[in-house]
Amino acid sequence: MSARQHRSEGVFMDLLCDTGFKILFGRESSMDILIGFLNAVLDGEGLDPIVELTYLDKEKCKESPDERTIFYDIHCKTKSGHRFIVEMQNKPQSFFRERSIFYVARAITEQGEPGDWEYDFMPVYSIALTQFRLHPDEKRLRVDVMLKDMETNETFSKSIRLIYIQLPNFNITTPEECRNDFEKWIFILKNLRDMETMPFVQDIFRRVENVARVENLSPEDRRSYERDLKFYRDYRNTLKFAEKEGLAQGMAQGMAQGMAQGMAQGMAQGVAKGKTESLREMVHSMSENGLDIDMIARIAKIGVSRVKEILGL
C-alpha cells in the first residue's frame, strides 16, 4: 500500500511546511508527539527514554521571515539530563553544518553559571531534518556526528552530538517497508499530506493523525497553515523549476561543448589526414563536417576560390 493510495487532498497537513511542523512538534499540548519522535530517533543509543520536556527559547535562530527555518531549543528531562535542538530546514545553506555547531555551542555556553562552576553542563544534541543533502554525493539518510579521538577512533566526549536526517535520501515508498518506529516517523513526515488514513496503529501515531487533520485546526491555525502552505508550495515549485532549468542549461552547454570538441577533433584529424591524402579529399571531408568555405580555406591554407573549385561551387 503506497502513500499515493492514501491520497485525499487536504485531509492532513503538510508536516514539512512551517506551520505544520510547528503545530505537530512546537506546542506543549502535543509535547507527547515530540517525545515520541525524539525517542524514536535515539532508540538504541543507550539514553534513558525521554519522559518530560520543557520548551526553552522557541525559534531563536529565525532571523528573517523568509528564512523558512523551524528551530526549537528544548530541555528534555531524563535521569541524566539532556538538551535538544530540533530543527526543520527547507532551504540549503552554504555553512549549514557550521551553523549547527554554532547553535550547539551557544546552548552550551548559556548553561554557564557565575562563581565556582565546574562545567557540568547538560549534553546538547542537535537534530536537524533537512530537505536537501549535506553534500551532493551523500547517500545516507542519517548522518551522526560526535567528538572522537583521531588516533584511537574512540568517543572523546558525549557532550555534543549532531544528527542530520536528510529527507531526500529516504527511499521507502510503502508503510509495509518501514522496519522500526524511526522509519515510520520519517515516512509519516514525508507522506502524510498525501494520505487519507494513518497507516500505523500505535497510539503515538493516532495522536499524530488527530493533531495533523486539517479539519481539527482552529480557524486561526487554518488561516496560518493555508497561508504558509502556499508560500511553501511556491518555494518548492520555484526550486523544482530552477532544477529543471539548470538541467536544461547543463544539457545545452554539454551539447555545445561536445559539438565544439567534435569540430576541433575533426579539424585536427582533417589536417593530419591532409598530410597523407589528397587536398581534394581533405576539403570534401571538412565540408561534410559542416565547416564553411572560409574556415576550410584557412585550415587548408588555400584560397576560397580553390575551395569552391574543389567543391564544384
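Glu113, Asp116, Glu118 and Asp120 come together on the surface as a patch of negative charge in this predicted model. Of these four, Glu118 can be placed in the loop between helix 3 and strand 4, and with a relative accessibility of 66% it counts as exposed, because the threshold for that class is over 50%. Residues enter such a patch only if they have no salt bridge, so the acidic side chains described below, which do have partners, belong to a separate part of the account.

**Paired charges**

Side chains of opposite charge can pair when their charged atoms come close. Across the whole structure, a search finds 15 salt bridges, and three of the pairs are set out here with the distance between their closest N and O atoms.

| Basic residue | Acidic residue | Closest N and O atoms |
|---|---|---|
| Arg83 | Glu110 | 2.9 Å |
| Arg99 | Glu87 | 1.7 Å |
| Arg142 | Asp144 | 3.3 Å |

Arg83 forms its salt bridge with Glu110; Arg83 lies in strand 3 (residues 82–89) and Glu110 in the loop between helix 3 (96–109) and strand 4 (124–130), so the pair ties together parts that are 27 residues apart in sequence. The two partners also differ in their surroundings, since Arg83 is buried at 7% relative accessibility, whereas Glu110, at 39%, is partly exposed.

Arg99 and Glu87 form another salt bridge, with their closest N and O atoms 1.7 Å apart. This pair links distant parts of the chain, with Arg99 in helix 3 and Glu87 in strand 3, twelve residues apart. Here Arg99 counts as buried at 12% relative accessibility, and Glu87 is likewise buried, its relative accessible area being 2%; both values fall in that class because buried means under 20%.

In the pair of Arg142 with Asp144, the acidic partner Asp144 is partly exposed, with a relative accessible area of 34%. Beyond these pairs, Asp14, Arg193 and Asp194 are linked in a network of salt bridges.

**A buried aspartate**

Which backbone atom does the side chain of Asp228 reach? The side chain of Asp228 reaches the backbone nitrogen of Asp18, at a distance of 2.9 Å. Asp228 itself is found in helix 6, which covers residues 219–274, and with a relative accessible area of 9% this aspartate is buried, whereas Glu118 of the negative patch is exposed at 66%.

Definitions and conventions: Residues are numbered from 1 along each chain as its sequence is written. This is a predicted model: local features need pLDDT of at least 70, side-chain atom pairs count only at pLDDT 80 or more; totals for chains, interfaces and linings use all residues. Side-chain values use heavy atoms; hydrogens and water are left out. Helices (H or I, at least four residues) and strands (E, at least two) are DSSP runs, numbered from the N terminus. Buried means under 20% relative accessible area, exposed over 50%, partly exposed in between (1.4 Å probe, protein chains only). A polar contact is a pair of N or O atoms within 3.5 Å; within protein, one must be able to donate a hydrogen and the other to accept it, and residues adjacent in sequence count only if both atoms are side-chain atoms. A salt bridge is a side-chain nitrogen of Lys or Arg within 4 Å of a carboxyl oxygen of Asp or Glu. Patches are made of residues with over 30% relative accessible area and no salt bridge: like charges are joined within 9 Å, nonpolar side chains (Val, Leu, Ile, Met, Phe, Trp, Tyr) within 5 Å. Accessible areas come from the Shrake-Rupley method with a 1.4 Å probe; for residues, only the protein chains shown count as cover. Lys and Arg count as positive and Asp and Glu as negative; His and the chain ends are not counted. The place of a charge is taken as NZ of Lys, CZ of Arg, CG of Asp or CD of Glu.
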